[in-house]
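Work through the two exercises below with the sequence and the structure open. Each task is followed by a solution in steps.

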Amino acid sequence: MREMVKMVIVLTVLSSLSGGLLAALKNNTQDRIDSQVLTFVKGPAIENILEGANNDPVNDRFSLKVEGEEEERNFFVGVYDGNPKAVAFETRASGYGGDMGVMVAFNVESEEIMGVSVTTHNETPGVGATVETDTNFKNQFAGLPADAEPRVKGDGGSINAMSGATITSRAVCKAVSRATDLYQQLQSQIKDKVKTFTG
Amino acid sequence: MPNPTKLTVSHAPFLHDGSEISNKQYNIIAATLIAVIAGLLQYGIPALGVLTLSVGSAMAWELLMNLLTRRPVSIGDGNAALIGLLFAMLLPAVVPWWLVVTGTFVAVVIGKQIYGGIGGNPFNPVVVAYAILMISWPMFLDFNAALVDYQFDFTAGFPLVLYEAYGTAGLESFSPGGLLLGQQAGGIGATFGLGLIIGGIYLILRGFIRWEIAVSFLAGIFITALCFNLYNPEVYAGPVFHILTGYALIGAFFLAPEDSSSPVHFAPMLIYGLLGGFLTVLIRNLGAHVDGVIYAILIINLVHPIIDKIRPKAMRRVMHHA
Amino acid sequence: MAKTIGQEFVKGLWEEIPPFRLVLGLCPTLAVTKSVENGIGMGLATTFVLVCANLLVSILSGIIPSKIRIACFIIIIATFVTVVELMMQAYAYQLFQNLGIFIPLIVVNCIVLGRAEAFASKNKVIPSFADGLGIGVGFTLSLTAISAVRECLGNGTLLGYSIFGPAFEPFSFMVEAPGAFICLGLLLCIMNLVGQK
């Protein structure tokens with residue numbers, strides 16, 4: 001009986017110490033990790049779609065509260081020739097291998113999609129994972145109106161799916177649709193905020 | 001009761017019939033000669049260079065490993081020379097020298113000596129080496145690119161590449177007779193089909209390779225290709241084309257029946273060969289690779305110990321603790 | 001049989017060097033040694049976990065009941081692995097991206113649990129520290145050696161710097177998975193050859 005009690009106590013104390021230590025560490029590193037993710041994962045994706053911007057879109061960001069979501073979302077602003085006219089943000093959709101992040105950029109003047117880029121994904125290497133590099137596929141989204149709901153051709157839309165990767169293509173479309181929804185919803189707030197940035 | 005006299009061994013002295021490892025190796029080398037000479041005539045001096053470098057470096061690696069592992073020097077048994085020769089027969093006539101030397105290193109050291117030398121290798125060393133090179137430097141083993149400087153009086157293309165790219169439409173300029181006589185681009189010693197067949201038949205008649213493997217390998221190719229061809233003759237080429245192109249013939253007679261990587265019982269030998277032929281055509285017709293022979297042989301090498309477990313059931317009592 | 005602290009440390013560098021002598025921890029050895037940078041990063045992460053886990057296990061060995069010792073070891077090891085993972089995410093994100101899933105997998109690296117069970121739980125604090133450090137440094141050296149061979153031949157570079165010049169055609173087989181096995185096997189073979197003398 002005494003041994004039993006000892007086992008329970010040792011395990012409990014050890015686990016709670018470990019949990020406490022890790023929770024403290026997680027809290028302390030959270031900000032740094034977020035900024036690392038911004039520079040190494042979202043950064044390249046943002047630079048990719050906001051090519052030619054005069055500012056550093058990763059630094060020039062603001063955040064807005066979206067209805068029904070706990071955390072605020074980040075919006076990245078692209079300034080062209082002193083004129084802040086592009087905004088990019090990330091939406092998520094479920095792909096073949098799980099959650100997939102897609103960065104979508106909008107031109108706030110012409111109300112068009114400027115480009116899309118994939119940030120994080122778990123798609124099959126060689127099949128769905130080609131979404132990272134397949135510019136032909138991603139270029140199809142550029143120029144669509146900002147209220148578009150793109151779909152792949154098989155679902156009655158106009159987007160040519162990547163060969164062999166319909167589910168991944170569908171997920172990108174879904175994420176872009178979510179982005180356009182969000183853009184419509186927050187349009188006025190986004191436009192006000194974007195104006196405050198200048199090159 | 002089993003016949004008690006059947007398994008009895010008489011008293012010494014015994015008579016040695018003169019067969020040795022080297023005897024077999026030299027006979028196989030002799031059997032390749034027709035195909036090799038035809039290849040040399042077709043491709044000239046560069047092919048001779050590749051051939052000598054390959055044989056020479058294979059023997060040098062063997063000697064080096066013998067010295068390193070402090071074992072008796074075994075280059076005299078001809079096996080290293082045979083590995084070098086077969087390896088060169090698969091290569092295009094124009095390849096960088098370091099590719100040949102790396103290839104024979106992989107074949108002799110990693111393919112054979114690591115496992116304790118001749119008779120211990122689970123894979124055919126030549127096939128291992130060629131597969132590893134195919135993964136690493138596909139651009140140098142592309143026959144159309146490597147042989148671009150040659151002027152032939154026939155369609156100068158590697159038939160399987162044309163087949164992969166254009167389907168049967170790419171093959172109109174090839175006739176079975178021409179293919180048999182080596183009118184195709186390909187490995188130094190792998191194009192002259194007639195020579196390979198004559199060499200193979202010689203080896204079978206002398207008993208150096210088992211006919212079961214060679215014949216069933218070709219039969220596997222023939223049957224599978226025929227099925228594909230009957231299913232859709234416009235897309236899939238006929239069986240004769242598959243047998244006469246690429247490494248099919250050299251694979252059937254010289255690569256698949258290699259001693260330590262192929263089965264020894266009758267039914268397993270048939271299964272082994274048929275499976276190899278089947279996989280070859282499957283890879284050629286459906287896979288991404290141009291020629292399936294190399295990978296097919298690697299796979300059947302891998303499964304041969306399992307196939308070899310298929311044996312005739314012993315009559316009467318089985319001694320489990322024998 | 002008692003060894004000095006120095007001997008405990010040195011044995012991890014040659015006598016019991018993983019993965020060559022103790023053929024343990026093969027999963028990270030084979031998976032992350034595509035480049036020297038990854039190899040060193042993985043080695044250092046494992047060293048940190050080994051040293052900390054060994055220290056803590058030997059301190060707590062009197063308290064931990066033997067029936068649940070494995071569970072306790074795993075809690076200790078997993079804690080330090082998570083620490084490494086968080087720190088690496090915060091300060092070396094690119095390395096974290098390269099090593100990916102193999103950082104959390106240090107938890108199940110049998111070297112770490114093996115040292116905790118076989119050494120630290122039966123020895124005092126200082127020798128355990130020396131043992132963990134020795135084995136960890138040995139592991140780092142082995143990973144560096146394997147990854148140096150693979151990166152050199154397979155990519156023509158060392159730590160990202162080209163060493164053979166542009167004429168070199170990379171032997172890309174070496175950075176593929178089967179190349180890892182062959183490379184490990186050949187190095188083991190050379191170690192044995194040298195060790196025999």
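The exercises concern a predicted model, and they deal with a sheet and then with an interface.

**Exercise 1.** Find the strand order of the sheet in chain A, and work out which strands stand at its edges.

Solution.
- Step 1. The open sheet in chain A has 5 strands, ordered E1-E2-E3-E4-E5, and the pairing is antiparallel.
- Step 2. E1 (61–64) and E5 (112–118) of chain A each have a single partner strand, so one side of each lacks a neighbour in the sheet and these two are the edges.
- Step 3. On average, and ignoring direction, neighbouring strands of this sheet are turned by 30° against each other.
- Step 4. Take one pair: E2 (residues 73–80) and E3 (residues 83–95) of chain A are joined antiparallel over 5 bridges. Within it, Phe76(A) has Ala88(A) in E3(A) as its bridge partner.
- Step 5. Helix H3 (residues 166–195) of chain A lies across E1, E2, E3, E4 and E5 of chain A, at about 145° to E3(A).

**Exercise 2.** Describe the interface between chain B and chain C: how much area is buried, and which helices of chain B supply at least two residues each?

Solution.
- Step 1. Contact involves 13 residues of chain B and 11 residues of chain C.
- Step 2. The buried area is about 1000 Å², with 75% from carbon and sulfur atoms.
- Step 3. Between these chains there are 0 salt bridges and 1 residue pair in polar contact.
- Step 4. On the side of chain B that touches chain C, helix H4 (97–112) and helix H5 (125–136) each supply at least two residues. H4(B) gives the most, with 4 residues.
- Step 5. The residues on that side of chain B divide into 10 nonpolar, 2 polar and 1 charged.

Definitions and conventions. Residues numbered from 1 in each chain as written. Chains lettered and ligands numbered in written order. Predicted model: local features only at pLDDT ≥ 70, side-chain atom pairs only at ≥ 80, totals over all residues. Heavy atoms only, no water. Pairing = 2+ DSSP bridges. Axes fitted to C-alpha atoms, helices over the stretch in contact; angles between N-to-C directions. Contact = heavy atoms within 4.5 Å. Buried area = accessible area lost by both parts, 1.4 Å probe. Salt bridge = Lys/Arg side-chain N within 4 Å of Asp/Glu carboxyl O. Polar contact = N/O pair within 3.5 Å; in protein donor to acceptor, adjacent residues only side chain to side chain. Nonpolar A, V, L, I, M, F, W, Y, C, P; charged D, E, K, R; others polar.
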